[in-house]
Amino acid sequence: MKMLSLTLQGSGKRLTIVINGTIGIAESTEKGHTTITDGTHNNGGWEVKESYEEIITQLEKLSL
């Protein structure tokens, strides 16, 4: 099982996403956050504080 540990944009609470399929990562430079979608929940995704690069780095570490 692979998991990402991120920080929710609005509340600052920790968000753990269990990856069991495809995820989407979209960075909004105007809004200053990144949105993660998992293709399972129909909620528009989660806005997180981590940058696109930080999330990609976490994913690369999971692939090793």
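**Group meeting: D38 and its surroundings**

Let's start at one residue. Setting aside neighbours within four places in sequence, D38 is in contact with T22, I23 and W46. Keep in mind that this is a predicted model.

Where does D38 sit? In the loop between β4 and β5. Is D38 buried or exposed? Buried. And D38 has no salt bridge. The nearest side chain of opposite charge is K2, and K2 is 16 Å away. The cut-off for a salt bridge here is 4 Å, between a side-chain nitrogen of Lys or Arg and a carboxyl oxygen of Asp or Glu.

So what does the side chain of D38 reach? The backbone nitrogen of T40, at 2.9 Å. The side chain of D38 also makes a polar contact with the side chain of H41, at 2.6 Å.

Now the sheet on either side of that loop. Three strands form an open sheet, ordered β3-β4-β5, with antiparallel pairing. The edges are β3, residues 24–28, and β5, residues 46–48; each pairs on one side only. On average, neighbouring strands of this sheet are turned by 25 degrees against each other, direction ignored.

Look at β3 and β4 in detail. Strand β4 covers residues 33–37. 5 bridges join β3 to β4, and the two run antiparallel. In that pairing, G24 stands opposite T37 in β4.

Next, the helix. Helix α1 spans residues 52–63. Helix α1 lies across β3, β4 and β5. Against β3, the helix runs at about 155 degrees.

On to the other pair of strands. β1, residues 2–7, pairs with β2 in the antiparallel sense, over 6 bridges. Together β1 and β2 form a hairpin, with 6 residues between them. In the turn, G12 has a positive phi of about 80 degrees.

Two matches to find on screen. K2 has I19 as its bridge partner in β2. That is the K2 we met earlier, the nearest side chain of opposite charge to D38. M3 stands opposite V18 in β2.

Last point: which side chains of β2 are buried? In a regular strand, side chains alternate between the two faces of the sheet. Strand β2, residues 14–19, shows that alternation. L15, I17 and I19 point to one face, and they are buried. R14, T16 and V18 point to the other face, and they are not buried. So I19, the partner of K2, is on the buried face, whereas V18, opposite M3, is on the other.

Key:
Residues numbered from 1 in each chain as written. Predicted model: local features only at pLDDT ≥ 70, side-chain atom pairs only at ≥ 80, totals over all residues. Heavy atoms only, no water. Pairing = 2+ DSSP bridges. Helix = DSSP H or I, 4+ residues; strand = E, 2+ residues; numbered from the N terminus. Axes fitted to C-alpha atoms, helices over the stretch in contact; angles between N-to-C directions. Contact = heavy atoms within 4.5 Å. Buried < 20%, exposed > 50% of the residue type's maximum accessible area, 1.4 Å probe, protein only. Lys, Arg positive; Asp, Glu negative; His and termini not counted. Polar contact = N/O pair within 3.5 Å; in protein donor to acceptor, adjacent residues only side chain to side chain.
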